[in-house]
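Visitor: Hello! I am new to this structure and would love a guided look at it.
Guide: Welcome! Let us bring it up and take it step by step.

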Amino acid sequence: MSETLPDFDEQLDTRGLFCPEPIMMLHNKVAELQPGQVVQVIATDPATTRDVPKFCQFLSHELVTQEVVDDEFYYYIRVCD
């Protein structure tokens with residue numbers, strides 16, 4: 001992993017879950033957060049590499065960064081208004 005990953009306020013672990021569950025859980029999590037807060041999402045479903053960026057684009061949240069480590073996908077999403 002990068003040495004300079006962003007700080008995050010909440011973590012959402014969706015390892016072992018498959019589409020559409022990670023996105024449904026992410027939708028619920030961002031609803032709990034305030035604008036400006038960052039959620040770290042950990043996933044193992046390769047479909048999230050397509051679904052998470054589209055989720056952010058569609059709902060106007062900022063995908064700060066994403067990384068793949070072994071078979072896990074890490075996303076850092078800043079909640080916007």
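Visitor: Which residue is the bridge partner of V38 in β4?
Guide: Happy to help, and please keep in mind that this is a predicted model. Strands β2 and β4 run antiparallel and are joined by six bridges. V38 belongs to β2, which covers residues 38-43. Across in β4, the bridge partner of V38 is R78.

Visitor: With which residue does R78 form a salt bridge?
Guide: The closest N and O atoms of this pair are 3.1 Å apart, within the 4 Å that a salt bridge allows. R78 is in strand β4 and its partner is in strand β3 (residues 62-69), so the pair links distant parts of the chain, 16 residues apart. The salt-bridge partner of R78 is E62.

Visitor: Is R78 buried or exposed, or something in between?
Guide: The relative accessible area of R78 is 29%. Buried would need under 20% and exposed over 50%, so R78 falls in between. Its partner E62, at 35% relative accessibility, is in that class too, as it also counts as partly exposed. For R78 the answer is: partly exposed.

Visitor: How many residues of strand β2 are buried?
Guide: In a regular strand the side chains alternate between the two faces of the sheet. In β2, V38, Q40 and I42 point one way, while V39, V41 and A43 point the other way. Both sets are buried. The number of buried residues in β2 is therefore six of six.

Visitor: Which residue in β2 stands opposite Q11?
Guide: Strands β1 and β2 run parallel, with four bridges joining them. Between them the chain crosses through α1, in a right-handed β-α-β crossover. Opposite Q11, in β2, stands Q40.

Visitor: Which residue meets E72 in a salt bridge, and how many residues apart in sequence are the parts that this pair ties together?
Guide: The side chains of E72 and R15 meet in a salt bridge, at 3.1 Å from N to O. E72 lies in strand β4 (residues 72-78), whereas R15 lies in the loop between β1 (10-13) and α1 (21-32), so the pair ties together parts that are distant in sequence by 57 residues.

Visitor: Which other residue forms a salt bridge with R15, with the closest N and O atoms 2.6 Å apart?
Guide: R15 is partly exposed, with a relative accessible area of 38%. The residue you ask about is partly exposed as well, at 35%. The salt bridge at 2.6 Å joins R15 to D13.

Visitor: How many salt bridges does the structure hold?
Guide: We have met several already, including D13 with R15 and R78 with E62. There is also a network in which salt bridges that share partners join E10, K29 and E32. The structure holds salt bridges to the number of six.

Visitor: How far apart in space are M25 and L12, C-alpha to C-alpha?
Guide: M25 has its place in helix α1, and it is partly exposed, with a relative accessible area of 31%. L12 is among the residues that M25 touches, along with D13, T14 and L17. M25 and L12 are 13 residues apart in sequence, and their C-alpha distance in space is 7.9 Å.

Conventions
Residues numbered from 1 in each chain as written. Predicted model: local features only at pLDDT ≥ 70, side-chain atom pairs only at ≥ 80, totals over all residues. Heavy atoms only, no water. Buried < 20%, exposed > 50% of the residue type's maximum accessible area, 1.4 Å probe, protein only. Helix = DSSP H or I, 4+ residues; strand = E, 2+ residues; numbered from the N terminus. Pairing = 2+ DSSP bridges. Right-handed = clockwise from strand over helix to strand, strands pointing away. Contact = heavy atoms within 4.5 Å. Lists of a residue's contacts leave out its neighbours within four places in sequence.
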